[in-house]
Amino acid sequence: MAKIYTVVNQKGGVGKTTTSINLGAKLGEFGLRVLIVDLDPQANATASLGVERHKLNAGTYELIIGTGKASEIILHHARYKISLIPSTVNLSGAEIELIDLSDREKRLQKVLDPLREDYDYIIIDCPPSLGLLTLNGLIAARDGVIIPVQCEYLALEGLGQLTQTLQRIRQNLFPELTIRGVLLTMFDGRTNLSADVRAEVQKFFPNLVFEAFIPRSVRLAEAPSFGMPISVYAPESTGAKAYDALARELMIGDGFEIDLENKHG
Ligand code: ATP
Ligand code: MG
């Protein structure tokens, strides 16, 4: 049964997409079966994996609206060892169209649950909002959410609103919703600010902050424009090593054995 994790933070530009694709690709390299779900109309995860969305007929939108079948929509990326449910332009209208549909918050959960047999990990990349798409992402997060927090001034801003949203969902829609971990991103070891943010975040989320953290890295910012995960674009970079450490921490926590023979594919 696949672990389903949703990468969420309504704040923009904190590293959700970077984490979704690079963690996903790393888990794939370790020999696990990974499905990445692009739930963001911006389609950054889709583009970052080198998939041209204007050439696609269907994606997340068709799946949650119910006009497309998973088996026909999922793309298998042999080189990056992941599968992808891409985001197409139609997804931009979904926030509004979902309002009138039955079970509007549970549609993604309903389509992903049957896919758990086929994967070890399903990772969902959310848009920077707490609208209906993100709500679908949260309710599909069978094994918890991963919250990237950018190490910057006012890093904690908005996290109260996010935890309140999680709490409301637990009360009303999905009692099992948990936080799998909080990930510090764009960490700059040279500044006191990053260390301060780490301390504050640890205080706000006791025992939930991943030991692995992601440094600020030019390579990580460059990789999407080449349509490559960092493990392919710059495998020796600090960013690649950080996502490697995160993948290992997650897998060990989840009880997977790390298959070193598969490490380099
Ligand atoms: P959005 O809210 O718009 O979906 P996001 O939370 O998904 O944004 P990303 O797209 O992952 O954030 O990252 C925002 C920008 O910062 C991107 O240009 C990305 O390449 C860059 N970036 C992400 N992580 C790092 C890092 N560790 N070091 C340097 N640049 C990074
Ligand atoms: Mg994003």
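Begin by selecting K110 and D103, whose side chains form a salt bridge in which the closest N and O atoms are 2.4 Å apart. As you look at this pair, keep in mind that the model is a predicted one. Colouring by accessibility shows K110 as partly exposed, at 48% relative accessibility, and D103 falls into that class as well, at 38%. This salt bridge belongs to a set of 15 found by a search of the whole structure, and the next stops take up some of the others.

Select D143 and R116 next, where the two side chains meet in a salt bridge with an N to O distance of 3.2 Å. D143 sits in the loop between α7 (132–139) and β6, and R116 in the loop between α6 (107–112) and β5 (121–125), so that the contact ties together parts that are 27 residues apart in sequence. In contrast to the partly exposed K110, both D143 and R116 are buried.

Now move to D254 and R180, a salt bridge whose closest N and O atoms are 3.1 Å apart. Because D254 belongs to the segment after α12 (238–253) and R180 to strand β7, this pair ties together parts that are 74 residues apart in sequence. D254 counts as buried, with a relative accessible area of 16%, which is under the 20% limit, whereas R180 is partly exposed, with a relative accessible area of 22%. Before leaving the charged side chains, select K26, E29, D244 and R248 together, since these residues are joined into one network by salt bridges that share partners.

R180 leads into strand β7, so show residues 179–185 next. Of the 7 residues in this strand, 6 are buried, and β7 is therefore largely enclosed by the rest of the structure. Add strand β6 (residues 145–150), which pairs with β7 in the parallel sense over 6 bridges; to check the register, pick P148, which stands opposite L183 in β7. If you then follow the chain from β6, it passes through helix α8 (residues 159–172) and arrives at β7, making a β-α-β crossover that is right-handed.

Turn next to strand β2 (residues 34–38), which is mostly covered, with 5 of its 5 residues buried. Display its side chains and you will see V34, I36 and D38 pointing one way and L35 and V37 pointing the other way, all of them buried. Which strands does β2 run parallel to? One is β5, joined to β2 by 5 bridges, and here the bridge partner of L35 is I122. Another is strand β4 (residues 82–85), joined to β2 by 3 bridges, with L84 as the bridge partner of I36.

From β4, step back along the chain to K81, which lies in the loop between β3 (75–77) and β4. Inspect its backbone, for K81 has a positive phi of about 60 degrees although it is not a glycine. K81 is also partly exposed, at 33% relative accessibility. A second residue to inspect for its backbone is M186, again not a glycine, with a positive phi of about 55 degrees. M186 is placed in the loop between β7 and α9 (192–204), and with a relative accessible area of 21% it counts as partly exposed.

M186 also brings you to the last stop, the largest pocket, which has a volume of about 440 Å³. Which of the 23 lining residues are closest to the centre of this pocket? They are G13, V14, G15, T18 and M186, and selecting these five gives a convenient point on which to centre the view. Extending the selection to secondary structure, the elements that give two or more residues to the lining are α1 (16–29), α2 (44–48) and α10 (218–222). The largest share, 4 residues, comes from α1. Finally, colour the lining by residue class, and you will find it divided into 10 nonpolar, 10 polar and 3 charged residues.

Key
Residues are numbered from 1 along each chain as its sequence is written. Chains are lettered from A and ligands numbered from 1 in the order in which they are written. This is a predicted model: local features need pLDDT of at least 70, side-chain atom pairs count only at pLDDT 80 or more; totals for chains, interfaces and linings use all residues. Side-chain values use heavy atoms; hydrogens and water are left out. On a 1 Å grid over the protein atoms alone, a cavity is a set of points where a 1.4 Å probe fits but cannot get out, and a pocket is an open set with protein on both sides within 12 Å along at least five of seven lines; lining residues have an atom within 4 Å of a point. Grid points are joined across faces, edges and corners, and a volume is the space filled by probe spheres set on the points. Ala, Val, Leu, Ile, Met, Phe, Trp, Tyr, Cys and Pro count as nonpolar, Asp, Glu, Lys and Arg as charged, and the others, Gly among them, as polar. Buried means under 20% relative accessible area, exposed over 50%, partly exposed in between (1.4 Å probe, protein chains only). Two strands pair if DSSP finds at least two bridges between them. A crossover is right-handed if, with the strands pointing away from the viewer, the path from the first strand over the helix to the second runs clockwise. A salt bridge is a side-chain nitrogen of Lys or Arg within 4 Å of a carboxyl oxygen of Asp or Glu.
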